[in-house]
Amino acid sequence: MIGRWWRRRKPEERLRPARKEMLVASYQDETRVAVLEEGRLQEIFVEHRDRRSIVGDIYKGRVQNVLPGMEAAFVDIGHRRNALLYVGDIFIPRGSQASRRGRPEIGRLLKPGQEVVVQVTKDPMGGKGARLTTYLSIAGRYLVLLPQLPTIGVSQKLEPGERDRLRELAEKIRQDGMGLIVRTAARGAGEEELRKSYGYLLKLWKGIQKDMQKKKAPSPLYLEPELEIKVMRDVLDSTFERVLVDSEKKYKRVRQYLKEVAPELADRVSLYEGSQPLFEVMGVNQQIKEALKREVPLPSGGTIIIDHTEALTVIDVNTKSYVGKNSLEDTVLRTNLEAVKEIAHQLRLRDIGGIIIIDFIDMNEPQNRRKVLRSLHQELEKDRTKAYVVDLTKLGLVELTRKNVSEGLLEAFSEKCPVCDGRGVIFREP
C-alpha cells in the first residue's frame, strides 16, 4: 500500500533534503552542480557552454613575447587572449645547466616563437589572460600524476596511519620515477584500485606525449572532463547520501564514470524526472539569490557586509540589532564568533578568492581576539580551497588570502551594469 502511494507521488513531492547531497542541473547554455548539506547550499559550480573553465587543460603553445622586466612571457595557446607564464612556473630539469645557475633569467629559458607545453592554473578573469605553468599534472579520482617529478605526496587531510599506508602503495605501483599525489578520496583504497587509477593516468600521459610530437602550436593536448564528471572526481565521496541529475544524458554519463572509478557510489545517483526544475524544487535558486546579496544576517541579529573591489574583498562585521544580555565584550565576542562561521561559509559558497580583509568588531580582551582567530583557522580548514590567514593588523583587521582559479558566484550570475559601468551607483546629471 505504501509502495503504491509512493509511486503515485510526483517526483518533486518525494524529494526531502538529505544530510549531504549533490544536484546536477542542465540548462540551455550551462551546467550547474550544487552541493547541499541538510538542504543548505554549500558550494555551487557553473560551466557556461561558451566559456568553460580551462584550468587543468594542457596545450602546446607558442611564445609570443618575453618580458624580462616582468620575468614572464606571453604564450599563445589558441584562445582569444595570450596567457601569462612566469619564470617561477617554468620546470627546469634537475642537473641541467639552467638549474645550476640559481635563479634563471626568463630570456635564457624562452625565446619568441619557441614552442612550449603548458598547463592552465588560473582561468582568464577580467582583463587578464590565463595563468600557466610548465609543471604538468594529470588528476584522477585517487591519484594525481606528476610526470616530471619523482616525488610522492599524500593528502594532509588523511589520518597519519592511512597516509603511511597509501604512501607505501604509491611507491610500489609507480613506474619510471614519475611522481604521484595520493588524494583524499583514496582513503581505504587498496593496491588494485590505486594501480588501476595509475594505469589510466599513465595511458593519458602517453597520449599527451604522442600529441606533443604530432600537433603544431597552438593546439590542445589534454582537456579536463565535463563539469559534472570533474566535480564527481574531485568532490564526491562516501559522505554523500545521493546525487540527483535532471538530464538523462548526464545521468548515464555520471553513472558510467562512477561504475568505473567508484562502483560503490554509482547506486547513489538518481535521475530526477519532475515537472518543476530541480534547483527550484530544492530551493537552490533562492539560496543563490540570497548569496548574491551584499548583506548577510547572523543568527543573533548581527550582520556581515561583503564588498568587492578590483584588488580585494572587504568583509565588515556589525552587531546591528543584537544588543546582548551580559556585557558589551560578551556581545561583541558572540557576534564575531557567529560571523566567523558565516564568513567561512560565504567564502566557500561565493568562491571568493585573492586578498580578503575582515573587519571584526573591536575586542578589548586579548584572549577573545585569540579565540576568534582560532575559530577562523578551524573553519577555514573545512574548505577544500586553500586559505591562509596572514595577520591581525594593529587596526584589528584580519588579512587572509584564498586561492582563486576560476570565476566566483558573483561573476557567474551577474554582468556589468551598462548604466554605471560597474560602479554600482546611479549617476545624475551634474
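**Entry 1: strands E16 to E18**

I looked up how strands E16 and E17 pair in this predicted model, and I found three bridges in the antiparallel sense. One position I noted is Val 296, which stands opposite Ile 304 in E17. I then turned to the link between these strands: E16 and E17 form a hairpin with five residues between them. In its turn I recorded a positive phi of about 115 degrees for Gly 301.

I followed the chain from E17 to E18. These strands are also joined as a hairpin, with three residues between them. Six bridges pair E17 and E18, again in the antiparallel sense. Here I noted that His 308 has Thr 313 in E18 as its bridge partner.

**Entry 2: the sheet of six strands**

I asked in what order the strands of this open sheet stand. I read the order as E16-E17-E18-E19-E21-E20, and the pairing is mixed. At the edges I found strand E16 (295-297) and strand E20 (387-392), each of which pairs on one side only. From one strand to the next, the twist averages 20 degrees.

I next examined E18 (residues 312-318) beside E19 (residues 354-359). These two strands run parallel and are joined by five bridges. Among the partners, I noted Ile 315 with Ile 358 in E19.

Which strands does helix H11 touch? I found that H11 (residues 328-350) packs on the sheet and touches E16, strand E17 (303-308), E18, E19 and strand E21 (397-402). The direction of H11 makes about 150 degrees with that of E18. I also recorded helix H12 (residues 366-380), which lies across E19, E20 and E21. Relative to E20, H12 runs at about 165 degrees.

**Entry 3: the sheet of five strands**

I moved to an open sheet with the order E3-E2-E1-E14-E15, where the pairing is mixed. Why does one side of strand E3 (40-48) and of strand E15 (269-271) lack a neighbour in the sheet? Both strands stand at the edges with a single partner strand each, so one side of each is left without a neighbour. In this sheet the twist averages 15 degrees from one strand to the next.

Within the sheet I checked strand E1 (residues 20-26) against strand E2 (residues 30-37). They run antiparallel and are joined by seven bridges. I noted Ala 34 in E2 as the bridge partner of Leu 23.

I then recorded the helices on this sheet. H7 packs on it and touches E1, E2, strand E14 (242-245) and E15, and the direction of H7 makes about 165 degrees with that of E15. Helix H10 (residues 284-291) packs on the sheet as well, touching E1, E2 and E3. Its direction makes about 90 degrees with that of E3.

**Entry 4: helices H6 and H7**

I looked up how H7 (residues 248-261) meets H6 (residues 227-234). Their axes come within 10 Å and cross at roughly 30 degrees, and the crossing is right-handed. From H6, Glu 228, Ile 229, Met 232 and Arg 233 meet Lys 250, Arg 253, Val 254 and Tyr 257 in H7. I classed the residues of this contact as four nonpolar, no polar and four charged.

**Entry 5: the second largest pocket**

I recorded a volume of about 500 Å³ for the second largest pocket. Of its 20 lining residues, those closest to the centre are Arg 141, Tyr 200, Tyr 257, Glu 260 and Val 261. Which element gives the largest share of the lining? I found that H5 does, with six residues. By class, I noted 11 nonpolar, two polar and seven charged residues in the lining.

Definitions and conventions:
Residues numbered from 1 in each chain as written. Predicted model: local features only at pLDDT ≥ 70, side-chain atom pairs only at ≥ 80, totals over all residues. Heavy atoms only, no water. Pairing = 2+ DSSP bridges. Helix = DSSP H or I, 4+ residues; strand = E, 2+ residues; numbered from the N terminus. Axes fitted to C-alpha atoms, helices over the stretch in contact; angles between N-to-C directions. Contact = heavy atoms within 4.5 Å. Left-handed = near helix turned anticlockwise from the far one by under 90°. Nonpolar A, V, L, I, M, F, W, Y, C, P; charged D, E, K, R; others polar. 1 Å grid on protein atoms, 1.4 Å probe; cavity = no way out; pocket = protein on both sides within 12 Å on 5 of 7 lines; lining within 4 Å. Points joined across faces, edges and corners; volume = space filled by probe spheres on them.
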